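Please look over the sequence and the structure before reading this report.

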Amino acid sequence: MKLQILSSAIPIVAAAYGRKFGIPVQIGGSTASTNGNVIQIPALRDDATSKILAYGYLAHEAGHVRYTDFGLSRHITPLGRHIENIIEDVRIEQAMIQTYPGTRTTLDAVIDALITDGRMSAVNTTDKPVEIMSNGILALARHRYRQQPALANQAKQADRVMRQVFKPRFMHRLQGLMSEIPRLTSTDDSIALAAKIVALIEDESSPDADQSEEDDEGTSQNQEQGSDSNNQSAENSEQGGESQEQSSKSQDQSSKSQDQRGTSHDQSSNHQDQSGNSPDQSGHHPEQGAKSQDPSTQPLSLIHISEP
């Protein structure tokens with residue numbers, strides 16, 4: 001498509017995409033942006049890829065015109081505003097693809113071009129923590145929740161580097177918050193989620209963060225020790241039960257011996273009566289059998305487990 005024809009068609013496409021007729025489209029510079037009333041896209045080259053890139057930039061910015069509420073207050077920090085942009089970009093592009101499925105190709109072409117030109121590179125352990133954080137969230141959010149395959153390697157590296165730089169507990173909580181992205185339905189939702197992520201980052205940066213993680217580790221160790229103690233208590237209980245069974249058996253044997261002695265005594269008395277001798281003359285007959293003893297059981301171990 002000739003550059004002049006493309007330039008003439010862009011305002012018409014912008015009106016359809018943005019659902020706002022008469023919206024001006026300015027072409028020039030190297031970036032794309034919009035304030036809701038004017039769309040700016042980069043200067044176009046007169047080559048085969050110009051049409052795809054132009055429509056990709058246009059679809060993205062028109063998506064903001066259509067779905068973004070520009071009247072809401074933004075975060076006061078640059079990092080907060082950057083995270084808001086990442087989340088809102090993913091949200092409005094998904095909404096555009098649902099309305100205009102063909103925009104997926106042109107939107108993805110923009111990412112391909114940014115990677116080829118080196119304007120979107122993978123994070124590295126030598127980067128500043130704030131750069132690892134912001135660019136890592138960008139790669140992960142677009143790959144996982146915008147399903148952009150061109151960012152697969154960058155997302156994988158971002159996850160690896162972030163896990164090296166930041167603590168496991170923080171990464172677990174961050175990914176939990178990011179999993180909310182597909183359920184966002186408004187700019188207000190995007191801003192609220194970004195605020196949660198910024199609060200998490202600030203919490204991670206506080207002096208109490210290390211102590212909190214140590215406390216969590218200590219609680220986990222105490223729970224494991226408590227589990228071991230419970231297991232030992234159960235073993236002692238089983239041993240106590242076995243002792244009780246053995247004691248019960250001893251009582252049964254002792255009872256049987258007593259019955260036998262009673263029978264022997266009766267027979268002796270009958271013999272004495274028949275012979276006419278008195279018990280004093282015949283003497284006392286000693287007991288036959290085992291000596292009776294009080295049963296004793298092994299006490300159970302009662303271990304108190306304090307609540308974490």
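The report below covers a helix, an arginine and the nonpolar core.

## Basis of the model

This is a predicted model, in which local features need pLDDT of at least 70 and side-chain atom pairs count only at pLDDT 80 or more, while totals for chains, interfaces and linings use all residues. Residues are numbered from 1 along each chain as its sequence is written, and side-chain values use heavy atoms, with hydrogens and water left out.

## Helix α6

Helices here are DSSP runs of H or I with at least four residues, numbered from the N terminus. Because the expected span is 1.5 Å times one less than the number of residues, the 14 residues of α6 (residues 152-165) should span 20 Å, and the end C-alpha atoms are indeed 20 Å apart.

In α6, Q154, A155, A158, D159, V161 and M162 are buried (under 20% relative accessible area, with a 1.4 Å probe and protein chains only). Their cover includes α4 (103-116), α5 (129-145) and α7 (168-178).

## Arginine 66

R66, which is found in helix α2 (residues 50-67), is buried yet has no salt bridge, and the nearest side chain of opposite charge, E88, is 12 Å away. A salt bridge would need a side-chain nitrogen of Lys or Arg within 4 Å of a carboxyl oxygen of Asp or Glu.

A polar atom of the R66 side chain does lie 3.3 Å from the backbone oxygen of Y17.

## Nonpolar core

The largest nonpolar core (buried Ala, Val, Leu, Ile, Met, Phe, Trp, Tyr and Cys residues joined through side-chain atoms within 4.5 Å) has 59 residues, and those with the most contacts inside it include M162 and I197.

Methods. Helices (H or I, at least four residues) and strands (E, at least two) are DSSP runs, numbered from the N terminus. Buried means under 20% relative accessible area, exposed over 50%, partly exposed in between (1.4 Å probe, protein chains only). Contact means heavy atoms within 4.5 Å. Lys and Arg count as positive and Asp and Glu as negative; His and the chain ends are not counted. A polar contact is a pair of N or O atoms within 3.5 Å; within protein, one must be able to donate a hydrogen and the other to accept it, and residues adjacent in sequence count only if both atoms are side-chain atoms.
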